[in-house]
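Morning, everyone. I have one structure to walk through, and I'll keep it brief. Please have the viewer open.

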Amino acid sequence: MRKCKQCNKKYKPFRANQIVCNEECLVALFEQLPPRQRTRRIAREYSITLGYKSISEVRCAVAFKKHGISYQYEDLKLQYRLPEQNYIPDFRIQFKDGYNIFIEYKGKFTPKDRRKLLSVKECNPTIDLRLWFERSTNKLSSKAKSTYGEWADKHGFLWYDRDTVEKLFTEILELEKKCERKTSKATKESVKV
Ligand SMILES: [Zn+2]
């Protein structure tokens with residue numbers, strides 16, 4: 001048993017360095033310190049004795065308790081996605097058979113853009129999303145060695161730039177023709193039947 005530094009009651013500590021019996025006493029003890037001692041560092045030192053990272057978290061815990069809400073503190077890991085939930089690609093080429101090619105034009109290609117595209121791809125693995133760079137030879141950052149184009153290759157995006165974008169147009173036109181043939185063939189056959 002140990003004696004609480006705040007309320008003097010005896011308590012059974014659950015942490016080796018514990019100095020008070022509970023969260024309420026910890027906040028009270030901290031708030032009684034002379035203002036000069038109520039620094040962030042001291043707050044942290046106090047909070048750690050109950051397993052928290054900051055006095056604000058301890059205050060949250062006190063608030064939950066006050067409302068009779070039971071809680072677990074930092075006991076579960078969650079995975080998360082990027083905060084951007086919706087992404088609208090710049091262009092969509094729709095083919096007659098329902099196929100789509102999405103095209104994102106990028107002048108400046110920021111780390112945020114890249115994270116977003118990776119997340120979009122991860123969440124939409126079958127999407128045909130292609131990148132059209134203003135300059136594919138731009139470096140990812142002033143320190144980086146790899147270029148926009150290399151990044152796109154690495155992550156499996158088809159990409160074009162001012163020198164190769166004609167290829168994109170050709171591919172689109174060919175796909176359109178293919179669709180045309182497919183649909184006209186289908187119409188002929190349906191007429192036959
Ligand atoms: Zn106490």
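**Two domains, one sheet, one helix pair**

The domain assignment splits the protein chain into domain 1, residues 2-66, and domain 2, residues 91-184. Keep in mind that this is a predicted model. How far apart are the C-alpha centres of domain 1 and domain 2? They lie 55 Å apart.

Helices next. Look at helix 1, residues 23-31, and helix 3, residues 55-66. Their axes come within 9 Å. They cross at roughly 130°. Angles over 145 degrees would count as roughly antiparallel, and 65 to 115 as roughly perpendicular. Helix 1 and helix 3 are therefore oblique to each other. The hand of that crossing is left-handed.

Which residues make the contact between helix 1 and helix 3? From helix 1, we have Glu23, Glu24, Leu26, Val27 and Phe30. From helix 3, they meet Ile55, Val58, Arg59, Ala61, Val62 and Lys65. Sort that contact by class and you get seven nonpolar residues, four charged and no polar.

Now the sheet. It is open, with four strands in the order 3-4-5-6. The pairing is mixed. Which strands stand at the edges? Strand 3, at 91-94, and strand 6, at 159-160. Each has a single partner strand, so one side of each is left without a neighbour in the sheet.

Take strand 4, residues 100-106, and strand 5, residues 129-133. This pair runs in the parallel sense, over five bridges. To find the pairing on screen, pick Tyr105: it stands opposite Trp132 in strand 5.

That's my tour. Over to you.

Technical notes:
Residues are numbered from 1 along each chain as its sequence is written. This is a predicted model: local features need pLDDT of at least 70, side-chain atom pairs count only at pLDDT 80 or more; totals for chains, interfaces and linings use all residues. Domain bounds come from an automatic or database domain assignment. Two strands pair if DSSP finds at least two bridges between them. Helices (H or I, at least four residues) and strands (E, at least two) are DSSP runs, numbered from the N terminus. Axes are lines fitted to C-alpha atoms, for helices over the stretch in contact, and angles run from 0 to 180 degrees between N-to-C directions. Angles under 35 degrees count as roughly parallel, over 145 as roughly antiparallel, 65 to 115 as roughly perpendicular and the rest as oblique. A crossing is left-handed if the near helix is turned anticlockwise from the far one by less than a right angle, and right-handed if clockwise. Two residues are in contact if their C-beta atoms, placed from the backbone, lie within 7 Å. Ala, Val, Leu, Ile, Met, Phe, Trp, Tyr, Cys and Pro count as nonpolar, Asp, Glu, Lys and Arg as charged, and the others, Gly among them, as polar.
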